[in-house]
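Here are my notes on the model you passed along. Have the structure open while you read, since I jump around the chain a bit.

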Amino acid sequence: MTQYGTLRVWAALLMFVGVLGLVSAAVGTLIWAFEVDGFWQTIGVLLIGGPLALFFAIVPIALAQALRALADVGDTVSAR
């Protein structure tokens, strides 16, 4: 066990939340695209709203990667 186990646990939790958010944002975007009226609104949802929702949904995944990288650096530095 390393000294940075807590960071790795939080990284795993954030990864789970990020994947769950990504899936729900994708499903929500598809439902939203079916619910709007008109061709141009559907295109707007798919080309603007969908990518923005997916971008904000992957923020926890990026934070998880940052925490995991921080734990790796801490392990490497403390091993010397």
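What follows is a set of numbered points, going from the whole chain down to single residues.

1. First, the caveat: this is a predicted model. Read every distance and percentage below as something computed from predicted coordinates.

2. What is the secondary structure of the chain? There are three helices and zero strands, and reading along the sequence gives the pattern α-α-α. Helix α1 covers residues 5–35, helix α2 covers residues 39–57, and helix α3 covers residues 59–78.

3. On overall shape, the C-alpha trace spans about 60 × 15 × 10 Å along its principal axes. The radius of gyration is 18 Å, whereas a compact globule of 80 residues would come in near 12 Å. If you had a globular picture in mind, that pair of values is the one to look at.

4. How much of the chain is buried? Buried residues are 21% of the 80 residues. The accessible surface comes to about 5,800 Å², and carbon and sulfur atoms contribute 76% of that area.

5. Now the contacts. Counting those with a separation of 6 or more, 79% are between residues 24 or more positions apart. The next few points give some examples from particular residues.

6. How many salt bridges are there, and where? The count is two, and Arg8 takes part in one with Asp72, where the closest N and O atoms are 2.8 Å apart. That pair ties together distant parts of the chain, with Arg8 in helix α1 and Asp72 in helix α3, 64 residues apart. Arg8 also forms a salt bridge with Asp75, and here the closest N and O atoms are 2.7 Å apart. This second pair again links helix α1 to helix α3, across 67 residues. Put together, Arg8, Asp72 and Asp75 make up a network of salt bridges.

7. Are the members of that network buried or exposed? Arg8 counts as partly exposed because its relative accessibility is 30%. Asp72 is partly exposed too, at 37%. Asp75 has a relative accessibility of 18%, so it counts as buried; the cut-off for buried is under 20%.

8. Leu67 is another place to look at how helix α3 meets helix α1. Leu67 sits in helix α3, and its C-alpha atom is 7.0 Å from that of Arg8, although the two are 59 residues apart along the chain. Which residues does Leu67 touch? Leaving aside neighbours within four places in sequence, Leu67 is in contact with Leu7, Trp10, Ala11 and Leu14.

9. Thr29, in helix α1, deserves a click. With a relative accessible area of 10%, Thr29 is buried. What does its side chain have for polar company? A polar atom of the Thr29 side chain lies 2.8 Å from the backbone oxygen of Ala25. Setting aside residues up to four places away in sequence, Thr29 touches Val45, Gly50 and Ala53.

10. Two C-alpha separations go with that part of the model. Leu52 lies in helix α2, and its C-alpha atom is 10.0 Å from that of Thr29, with their positions 23 residues apart along the chain. Val27 belongs to helix α1, and its C-alpha atom is 9.8 Å from that of Gly50, again 23 residues apart along the chain.

11. Why do Leu52 and Val27 both count as partly exposed? Leu52 has a relative accessible area of 45% and Val27 has a relative accessibility of 43%, so both fall between the limits of 20% and 50%.

12. Last, the aromatics. The count is two aromatic pairs. One of them is Phe39 with Trp40, an edge-to-face arrangement with 5.1 Å centre to centre and 75° between the planes. Both Phe39 and Trp40 are exposed.

Key. Residues numbered from 1 in each chain as written. Predicted model: local features only at pLDDT ≥ 70, side-chain atom pairs only at ≥ 80, totals over all residues. Heavy atoms only, no water. Phe/Tyr/Trp six-rings, centres within 6.5 Å; stacked < 30°, edge-to-face > 60°. Buried < 20%, exposed > 50% of the residue type's maximum accessible area, 1.4 Å probe, protein only. Helix = DSSP H or I, 4+ residues; strand = E, 2+ residues; numbered from the N terminus. Rg over C-alpha atoms; globule rule 2.2 N^0.38 Å. Contact = heavy atoms within 4.5 Å. Areas by Shrake-Rupley, 256 points an atom, 1.4 Å probe, with all protein chains shown as cover. Polar contact = N/O pair within 3.5 Å; in protein donor to acceptor, adjacent residues only side chain to side chain. Salt bridge = Lys/Arg side-chain N within 4 Å of Asp/Glu carboxyl O.
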